[in-house]
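Q: I would like to learn how to read the features of a protein model. Could you take me through this one?

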Amino acid sequence: MCAVEITPVVSTERLILRGPVITDAPAIAGLVNDRNVSGMTGMIPHPYGLSDAEAWISRAQANDWDRDANWVIEHQNFGVVGGIGFKGAGAQNNGRPEIGYWLGRPFWNRGYATEAVRGALKWVKRDWRKNVVVAGHFADNPASGQVLCKAGFLYTGDVELRPSAARGGAEVPTRMMVWLA
Ligand SMILES: CC(C)(COP(=O)(O)OP(=O)(O)OC[C@H]1O[C@@H](n2cnc3c(N)ncnc32)[C@H](O)[C@@H]1OP(=O)(O)O)[C@@H](O)C(=O)NCCC(=O)NCCS
């Protein structure tokens, strides 16, 4: 018997969350190479080129789906518009995955991030069978706080200093949130 690993796919009203493929690299690089996007994340560097996107795709394809999840967000008309995932569901993080996401700037303020986060959380509960997700958004990123609130996260009251690669490693006050299934 041979085991077949199937990458999960999540469909929402306008979006599909699916595993990245190498042909997504130009679209990802084009959207992420924007400090307004990368500077609101911890890990994404700036500038961000094709080789960065290809390296991320390779890592995502080697994903251990018990611990991490990595999808591109594909719009039914516009193709790849963003990325979303969870990391650290392993023991070192008390089994609590942390959500991360980004949308390319041309696609902001159309409700896509909220729709993608809600869809991903349905998968977390029903298929991944996790019942806690943590999140942290930089204090100067209220739009992300709004997305998380709309998706059902609550502020814990904790503020952590977290580095941002695209801000040269500067530590940024980060408001922590939690979601319970
Ligand atoms: C944060 C981000 C994902 C939001 O994506 P989006 O698709 O525009 O989000 P949505 O349209 O679903 O919702 C945005 C909400 O923020 C609100 N918003 C936008 N700018 C805001 C601001 N400056 N202050 C407060 N709220 C703001 C919008 O009005 C909307 O809320 P509403 O529907 O209640 O009106 C996107 O801006 C992004 O990718 N930013 C860079 C990367 C990033 O921040 N990733 C998250 C790291 S924690």
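A: Happily; we will go from the overall fold to helices and then to single residues. Keep in mind that this is a predicted model.

Q: Where do I begin: how many helices and strands are in the protein?
A: The protein has five helices and eight strands. Following the sequence, their order is β-β-α-α-α-β-β-β-α-β-α-β-β. The radius of gyration is 16 Å, close to the 16 Å that the globule rule gives for 181 residues, so the protein is as compact as a globular protein of that length. For the extents, the C-alpha trace spans about 50 × 35 × 30 Å along its principal axes.

Q: What share of the 181 residues is buried?
A: Here a residue counts as buried under 20% relative accessible area. Buried residues make up 46% of the 181 in this protein. Turning to the outside, the protein exposes about 9600 Å², and carbon and sulfur atoms supply 52% of that area.

Q: And what do the contacts say about residues far apart in sequence?
A: Take the contacts with a separation of 6 or more: residues 24 or more positions apart account for 62% of them. Charges can be read across the whole chain too. There are 19 positive and 17 negative charges, and their mean positions are 6 Å apart.

Q: Now a helix. Which residues of H5 are buried?
A: A general idea helps: an α-helix has 3.6 residues a turn, so residues three or four places apart point the same way. In helix H5 (residues 142–150), the buried residues are Ser144, Gly145, Val147 and Leu148. Seen down the axis of H5, these buried residues fall within an arc of 160 degrees, so they line one face of the helix.

Q: What covers the buried residues of H5?
A: The cover includes helix H4 (112–128) and several strands, among them E5 (98–103), E6 (132–138), E7 (154–164) and E8 (170–180). Look just past the helix as well: H5 is followed by Gly152, with a positive phi near 105 degrees.

Q: How many residues of H4 are buried?
A: Twelve of its 17 residues are buried, so H4 is largely enclosed by the rest of the structure. Among them are the aromatic residues Tyr112, Trp123 and Trp128, along with Glu115. Just after H4, Arg129 takes a positive phi of about 60 degrees.

Q: Let's try a single residue. Is Leu31 buried or exposed?
A: Start with its place, then its accessibility, then its partners. Leu31 lies in helix H1 (residues 25–32). With 13% relative accessibility, Leu31 counts as buried. Leaving out residues up to four places away in sequence, Leu31 touches Val37, Val80, Val81, Trp102, Gly104, Pro106 and Phe107.

Q: Where is Asp24 found, and what does Asp24 touch?
A: Asp24 sits in the loop between strand E2 (15–18) and H1. Its relative accessibility is 6%, so Asp24 counts as buried. Setting aside residues up to four places away in sequence, Asp24 touches Arg18, Ile57, Val72 and Val80. For a sense of distance, the C-alpha atoms of Asp24 and Asp158 are separated by 36 Å, and the two residues are 134 residues apart along the chain.

Q: Which residues is Asp34 in contact with?
A: Asp34 belongs to the loop between H1 and helix H2 (35–38). Asp34 is buried, with a relative accessible area of 13%. Beyond its neighbours within four places in sequence, Asp34 is in contact with His46 and Arg105.

How values were computed:
Residues numbered from 1 in each chain as written. Predicted model: local features only at pLDDT ≥ 70, side-chain atom pairs only at ≥ 80, totals over all residues. Heavy atoms only, no water. Helix = DSSP H or I, 4+ residues; strand = E, 2+ residues; numbered from the N terminus. Rg over C-alpha atoms; globule rule 2.2 N^0.38 Å. Buried < 20%, exposed > 50% of the residue type's maximum accessible area, 1.4 Å probe, protein only. Contact = heavy atoms within 4.5 Å. Areas by Shrake-Rupley, 256 points an atom, 1.4 Å probe, with all protein chains shown as cover. Lys, Arg positive; Asp, Glu negative; His and termini not counted. Charge placed at Lys NZ, Arg CZ, Asp CG, Glu CD. Arc of directions from axis to C-beta.
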